[in-house]
Every structure is written in structure tokens, then in C-alpha cells.
Amino acid sequence: MTAEQIIFLIVAVVTLVAALSVVISRNLIHSALWLILTLFGVAIFYVLLEAGFFAVIQVIVYIGAIAILFIFAAMLTRRVMQDTGPQSNTNWWIGALIALFLLAGIVFILLSWRGSTTPLAELENQSGRLSQLGLSLVSPDQYVLPFELASVLLVAGMIGAIFVAGDKKQ
Amino acid sequence: MIPLSWYLIFAAALFCIGLYGVLARKNAIGILMGIELMLNSVNVNLIAFWRYRAPNGIAGQAFAIIVFAVAAAEVAVGLALIISIYRRRSSVVADEMNLMKW
Amino acid sequence: MNFISDPVTFIANWLNNLLTSWGLSQAVVTVILKFIGAGIVGAFGFALVIFTIWLERKLYGRIQDRLGPNRVGPWGIFQTVPDIIKIFTKEYITPVGADKIVYNLAPILSVSAVLLTWAVIPFAPTIVGTEVNVGVLYLVAVGAIGALGIILAGWSSNNKYSLLGSFRAVAQVVSYEVPMVLALLVPVLLGRSMGINSLVNAQSVWFIVLSPIAALIFFTSSMAEVGRAPFDLLEADSELVAGYQTEYSGLKFGMFYVGEFLHAFTISALTVTLFFGGWRGPWAVQVPLLGVVWFFIKSFIVYYVVVLIRISMPRLRIDQMLNFNWKFLTPLALVLLIATAIVDKTFFTLLPGLNLLEIAIPWVRAGVHLVMNLLLILVTIQLLKSYRIKRILVVAKPRPVAVAPEPPASVIS
């Protein structure tokens, strides 16, 4: 067990326990806080995978914007200050069974796949990676089309959210 | 050296926990949190595959960036819809939004 | 390097050799040294706050034509120590119904968001906490964690006014992040890198000459992020009690207080690093200790400006603040970013055409960018003048005045 593997196991266990608390917790704001811990654990995984840029983007976009949106929405849609009662609906055991079967199926396929033991190659071109990524998002023979479509989607989402949730003053 | 299968099994577990959240939560905001967990697990999968199988390419990274943007847009619109529904019906329990059922 | 010119690297190497000669492996020694370094940076941040609080109170006093603290120690320099002792010994009052874990976590998040920023600021060519090649994005990410601490503080206090105060505070912080990030992209564009070390190394001409508008936008939105006057609606005593800090007492309030002062000094340090050349100065490369001296001199000058602005300007309302951000700063930052990109690309495309000396190229580039910025300022002022709100008439129009009728002639005797 190298040090890296121990770190991986600790972070994986913490993240999975936090994710479980997100879907089981009774208090909605506590769920949002456990979600923040899960997102932070995923950011640590990006650092382990030598994708530091994505770790920082994860913290900015998910924790800094989306998690705050969740907390705001949870605060704005409550009638009393405390939540009571169970948070799972009546057929929750069917959902648990489906999730467990799916997990078992995926793990079985992964363990019998030859490519799971791919060796880790060294990353060349360490310093030019960011500019390579940036160029690939705007060059016409690479990924400029999904990039432009994503920006149109973001504008449409912004306008839609303002229109749907805005106050309609008469 | 961490085998690729460890990352993929972790991502699969996160995806299944998110799936349970979507199927079993009453509150609509709780369902959206389950969707966020699934999108995060997909991103971990993409970056792990990029790092182990094609580290000199750029497709995995570009795909992951687009997933970030789509997740952010979807959360914004979803929460706006939930707030608008709360204004009319004073409830965010998913079972009670049944006006379009037969 | 010897001890005089670079004490930090000298001590780090000496400790490294000492610990490896005791038999520990290199990896463990590296981890231990990094922990010691992180502890030193944290302690240094708090020690700095003691000095900056005294400086601010003295400046306040002098500008308001009074003396400021002058009893405890010569010129009152030890005044902060009794204040700290007072805050330490106050009682912790936790409100009934507060969520205990979140209530205690919020001040910790607020302070750690500020301390984490000090990990990437270079004090000298060889003295830097850690070198991340996405340092500029790291700064934005850490600011987002600070916003999280504020909303948790407001919600966990079980108090309507704290909740309202924290909503307003988060609206302000999250709104002003947008022009801050856009203004941060201008040095990244000009310096061709996102790592802060590389940005300082690329400033043979200081970036404030190349782009004063970006420096001003960054400075203004950072002050709004901290919550300093004139953007200090959140902590004003006459507004919403004390905002999200209402229910905190004792050391927990002390942490918010210290965190805010340290954040104010941190933004001065960041402005200096990104726009005023950081540790650059005469002989800074040969003698790294001199780099630290230049850095702190420049940071304290910028902090002096921050305190002056706080003392002399009235407070803005929340709607004036948000209008200023979304209707003025964000469009200006976007236009500036596009204009800087176009001018820089055009300059480097036309460069082989003009025959310039090697040494004059950065200065000519600086001149071109400065001219573009001044043109933008002129255009902005013209636009602002033409859209000015017509002044509301204060004097009312003349109204008919009641006049007593003439008495009939028979009454006059």
C-alpha cells in the first residue's frame, strides 16, 4: 500500500459517506452541506489525477456557485424554520434495489474488462497543456462547435431562470 | 500506482448513490442534488479515462468542461422552476405536483 | 546563497539536512517541512493583523483631528494586545435553536478562506508558499469559500435579521466576483500565464502602466468583496443590527473581525503582486530579502489608500451597490478585456514591421496599451454624461397664496 493508495482510499470513503448523507439526511440544509463536502472530495480526486485546473474549476463553479444556489433555494422554499418528517417517499426500497443492482452490474463488467489494469503513462508536455486545451476549444477543426453551443445554452439558461423565477409585478 | 478500476468503481458508486437520491427523495431540491451527484461521477469517469488511456489527447478534457457548463445551466433553470412552483402551490414535495396526471 | 541574503531558503535547507541525517525518509521530511511552512504563514498572517489594526486606528484618529490610541506603549502600538485579551475572555453565547456544528464552522471557514490566499503570494523570487500554475483561478476559488462562510453564519444563528443580512452579504460578494474575475483576466492576457510567479516575472513594465482600468476595477471589486467602506452595508451598526455577525460573541466574533482586517491587507498585497510588480525593485533578484522589503513597502502604501477611502467616503445603499456593479463595472470589464486582446494581438502582429530595439519593446507595448485605456476612459465619461439622470427640481413651482380680501370701505374708519 503506497501512500498514494492510502490517500485515495481515505478520500474515497469520506466522499462516499458524504454522498450517502446527502440522500439520507432529513434536514435539507444539512444535505446541501454534505453535498459541499462531496464536491470537495471530487476536487481532491481531480488533483490526484493530475488535472489541477479541473480541481480549481470544480471549486469555483460547483462549490462557489451551484452549492450556494442550492442553499438559497432550500432557504426560500420552506414554510417553517425546521424540517420534520422523513425525507424518503414510500417506495424507497425499490430505488435502493435498483441502485444496488446497477452497482453490482457495473463492478462486474469493470473487473472483467481487460483495460482496467492500464498502466499509468507519464504526462508529456506538462507546461503547455493549458494553452493546448484553450486552443482546442476555439479552433475550427477541434471543439469550437460544442463550446459555442454551450455558451448559447448558458445564455438561454440565464434568461430562462430570470424569467421563470422573477417577480411578476402587475 | 492506483489502478484505473479503482477510479471507475468509485465513480460507479457515486452514480448509484445519486440514482437512489433521484428515485427515493420526496423534496424536489433533494432530487436535484441527486442529479448533481450523477453529473459529478460522470466527470470523474471522463477525467480518469483521459488520464489513463489517452493522456496526450484533449478530447476528455474538452468533454469534461462542456459537462461543467451544462450542469451549471441545468441547476440554475431547475431551481428557478422549483421556486416558481413554490410560489403557486406552497409546496416542493414532488408527489404533490400531479396536475398533469390522468 | 548565504544567510544574510536569503534566510528562508537557508533555514529550509539546513532543516532538511538535519532531519534526513536523523534517518527519516525524504518524503516524510518534505511533508514535515511543508506543515511547518504552512504554520509559519498562518502565524505570520495573524501577527500582521496586530500591526495593521493599530495602523488603521492611528490613521483614523489623525484624519479626524484626534490622537488615536496612545496609552498602551509608545504611540499606542500595543493597543491591540489588550483588545485581544478582552475578546478571548468574553463569554460564548450560543442562541437557542442554533445549529451547533454549522454555527461553529462558519467563522472557521471565513478565516481560512483568507489565510489560504497567502499560500500563493510570492514574497521574493525564492520565497513562495507553493507554486501552482493556475494561481489566479485558485484566488477566485478561495474567495468563493469565503462567501460560503457568510451564508452559513447567517442561517445557523436562528435569527431573521441575521438571515436577511447574510442574503444581502452573499448577493454583494457573489455579484462583485464577476468584474473581479474579468479584471484578473487582463494581467493573465498580458503576462501569458496563470501562475502568479510567472506574472510577477513578466512585469518588466508594471501592469498598472499597461492597464490602469483593470487595476482600478480589481481594486474596487476586491474592496466590495471584503465589505470595506464604502461597501460596508453588511457590518454597519445602524443597518440590520450587525448583519450576519449578530449572534456571535467572544472569540468567534474576534475571528470574523480579524479575518476582515487580514482580508483588507490581503487585497492590497494582491493588487501589488498583480499590478505593481510584487517584489520587483532594484537589486531584488540578487538579494531576495530585499524583494520582501519592496513587497511590504508597496503593500503598506496600497493599504494606506484603502484606509483613506474607508475614512472619507459615505456608505452606499444595497441597490446603488448592485447597480454600480452590474450596469457599470461588468460591461466596462468586458469591453476592456476584448480591447486588450485585440490591441495586444495587433501589436505583436505588426511588431516585425517596425524596427525597434530589443529593450524598447515592452515600453512601446506599455505605451500602446496605456493609450487604449485612456481612450476607453474618455469614451466612458462621455457616455456617462449623456445618460445622466436629470436633476430633480427641489424648489416647488409657485403656488397660489391665500390673500386676505380687502375689508369693505365702510369698516375703515
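Let's start with salt bridges between chain A and chain B: the count is one. A salt bridge here is a side-chain nitrogen of Lys or Arg within 4 Å of a carboxyl oxygen of Asp or Glu. The pair is Glu50(A) with Arg51(B), and their closest N and O atoms are 3.0 Å apart.

A word on the basis. This is a predicted model, in which local features need pLDDT of at least 70 and side-chain atom pairs count only at pLDDT 80 or more, while totals for chains, interfaces and linings use all residues. Residues are numbered from 1 along each chain as its sequence is written, chains are lettered from A and ligands numbered from 1 in the order in which they are written, and side-chain values use heavy atoms, with hydrogens and water left out.

Back to A and B. Five residue pairs are in polar contact across this interface, both residues at pLDDT 80 or more. Polar contact means a pair of N or O atoms within 3.5 Å; within protein, one must be able to donate a hydrogen and the other to accept it, and residues adjacent in sequence count only if both atoms are side-chain atoms.

Which parts of chain A touch chain B? Six helices of chain A give two or more residues each: H1 (3–24), H2 (28–48), H3 (52–76), H4 (92–111), H5 (129–138) and H6 (144–165). Helices are DSSP runs of H or I with at least four residues, strands are runs of E with at least two, and both are numbered from the N terminus. By class, that side of chain A has 57 nonpolar, 20 polar and seven charged residues. For the classes, Ala, Val, Leu, Ile, Met, Phe, Trp, Tyr, Cys and Pro are nonpolar, Asp, Glu, Lys and Arg are charged, and the others, Gly among them, are polar.

Now the extent of it. 84 residues of chain A are in contact with 69 residues of chain B, where contact means heavy atoms within 4.5 Å. The area buried between them is about 7200 Å², and carbon and sulfur atoms give 75% of that. Buried area is the accessible area (1.4 Å probe) that two parts lose on being put together, summed over both. In chain A, Leu49(A), Phe54(A) and Phe70(A) lose the most area to chain B, together 10% of what that side buries.

There are two pairs of chains in contact, and A and B share the most contacts. Chain B and chain C do not touch; their nearest C-alpha atoms are 15 Å apart.

So, the other pair: chain C with chain A. Here 21 residues of chain C are in contact with 21 residues of chain A. Together they bury about 1800 Å², 85% of it on carbon and sulfur atoms. Leu148(C), Trp155(C) and Phe167(C) supply 30% of the area that chain C buries here, more than any other three residues. How many salt bridges cross this interface? Zero. The count of residue pairs in polar contact is also zero, with both residues at pLDDT 80 or more. On the chain C side, helix H5 (135–156) and helix H6 (160–191) give two or more residues each. H5(C) gives the largest share, 11 residues. By class, this side has 17 nonpolar, three polar and one charged residues.

Next, chain C itself. Its secondary structure comes to 13 helices and zero strands. Its C-alpha trace spans about 125 × 70 × 45 Å along its principal axes.

Finally, the spaces inside. On a 1 Å grid over the protein atoms alone, a cavity is a set of points where a 1.4 Å probe fits but cannot get out; a pocket is an open set with protein on both sides within 12 Å along at least five of seven lines; lining residues have an atom within 4 Å of a point. Grid points are joined across faces, edges and corners, and a volume is the space filled by probe spheres set on the points.

There are three cavities of 30 Å³ or more. The largest holds about 530 Å³. It is lined by 31 residues, and Val114(C), Gly146(C), Glu225(C), Val226(C) and His263(C) lie nearest its centre. H10(C) gives the largest share of that lining, seven residues.

The second largest pocket has a volume of about 1300 Å³. Of its 34 lining residues, Gly37(C), Ala38(C), Val41(C), Val128(C) and Gly129(C) are closest to its centre. H2(C) supplies the largest share, 10 residues. The lining has 23 nonpolar, nine polar and two charged residues.
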